[in-house]
Amino acid sequence: MAPPPSIPRQHRLARASGRILLIVACFTAFGWLMAPWTEAVRQRETDDRLLTPLPANSASDAMPQQLAFITLGGLRTLGAAILKMDAAVDCMDRKDWPMVAKRFDQITALAPHIVYYWIEGADYLSNNAAPDVRETPSLSESERIRASRMYYRQALALLRKGIDNNPKSWELYNALGRTLSIIRRGVSPDFAAAAAAYGKAAALGGGDLPKRQEFYCLARAKGKEREAWNLGKQLFRDPDNRLPVLVCCLFVLQNKLHLPKSERIPFRELFPTDARAKTWLTRFLHNDLRHSTDGIREELERLRALPKKQENK
């Protein structure tokens, strides 16, 4: 018996395209039929502040208009996913940052309880849009600074709005802390506010990672040294937290606060060997994260003066 003839590739593609068009048509028809009922429900939930109102669309923005029937049909998450693809592929490729910002306003309005969208939108604005416009040669220096700060503020506003919609999300507080502590030309980090956001993330179940970030931010926030010391000492009790940056921060804080010997963590407990102390403190001395370095140079001079045999003790 002869095998069935193979279907040409163009015919297979035509069939697949036909199926996709049929599915889209079904969704559109479903949305159109459900529109009166779902619009009433959506309005009620918006009035009760369970949903975020959808942003107004300009006549030139065809994408949301094409999705109108789908979203009215109750398929808001599908509409959000399609808009997300447009933001991540088309808008990002063209570096159309105003449209990226607009898309994420629309995405998060359609799916306000999908935490990932709020975080990714803020990352696009703070880590892509802001640095890109800062280096745009067609803008003047003042325009670059102004545009960069605008996208940074938009990122913070997006995260805070996300928290309003998802107050129990430790991930959103963690992202807020990360964004507030960005160190970049033209951006002034707010370490005290970042520490508060990280602390909230840890309290909501984020674990030791945001707790350590809270400590690092407190250590760099003016007037928060004692609070940082108390938190760092608590973290140090767990051997898993004894990372080079945390240990060096504790060493610096002891010097900065002029703690008496009775209150300090012993040097040998911080650094089991002089070789480790020399390595970790040397790296920390040249950090670009705005950590203080009180007492490090003096300690390194002392370590370098030690005989080689004693260094590993």
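## Charges over rings

In this predicted model, the charged end of Arg-242 lies over the ring of Phe-236, at 4.1 Å from the ring centre. A second such contact involves Arg-302, whose charged end is placed over the ring of Phe-267 at 5.5 Å from its centre.

## Aromatic pairs

The model holds seven aromatic pairs. One of them joins Phe-215 and Tyr-216, with 5.7 Å from centre to centre and 55° between the planes, a tilted arrangement. Phe-215 has 0% relative accessibility and therefore counts as buried. Tyr-216, at 9%, is also classed as buried, because the cut-off for that class is under 20% relative accessible area.

Phe-267 and Phe-271 make another pair, their ring centres 5.1 Å apart. Why is this pair tilted? The planes meet at 45°, and planes under 30 degrees apart would count as stacked while those over 60 would count as edge-to-face, so the pair falls into the remaining class, tilted.

## The cluster around Phe-267

Which residues form one aromatic cluster with Phe-267? The other members are Phe-251, Phe-271 and Trp-280. Are Phe-267 and Phe-271 buried or partly exposed? Phe-267 has 21% relative accessibility, so it counts as partly exposed; the buried class requires a value under 20%. Phe-271, at 0%, is buried.

Phe-267 thus takes part in several of the contacts described here: its ring pairs with that of Phe-271, it belongs to the four-residue cluster, and the charged end of Arg-302 sits over its ring.

Methods
Residues are numbered from 1 along each chain as its sequence is written. This is a predicted model: local features need pLDDT of at least 70, side-chain atom pairs count only at pLDDT 80 or more; totals for chains, interfaces and linings use all residues. Side-chain values use heavy atoms; hydrogens and water are left out. Rings of Phe, Tyr and Trp (its six-membered ring) pair if their centres lie within 6.5 Å; planes under 30 degrees apart count as stacked, over 60 as edge-to-face and the rest as tilted. Buried means under 20% relative accessible area, exposed over 50%, partly exposed in between (1.4 Å probe, protein chains only). A charge sits over a ring if NZ of Lys or CZ of Arg is within 6 Å of the ring centre and within 35 degrees of the ring normal.
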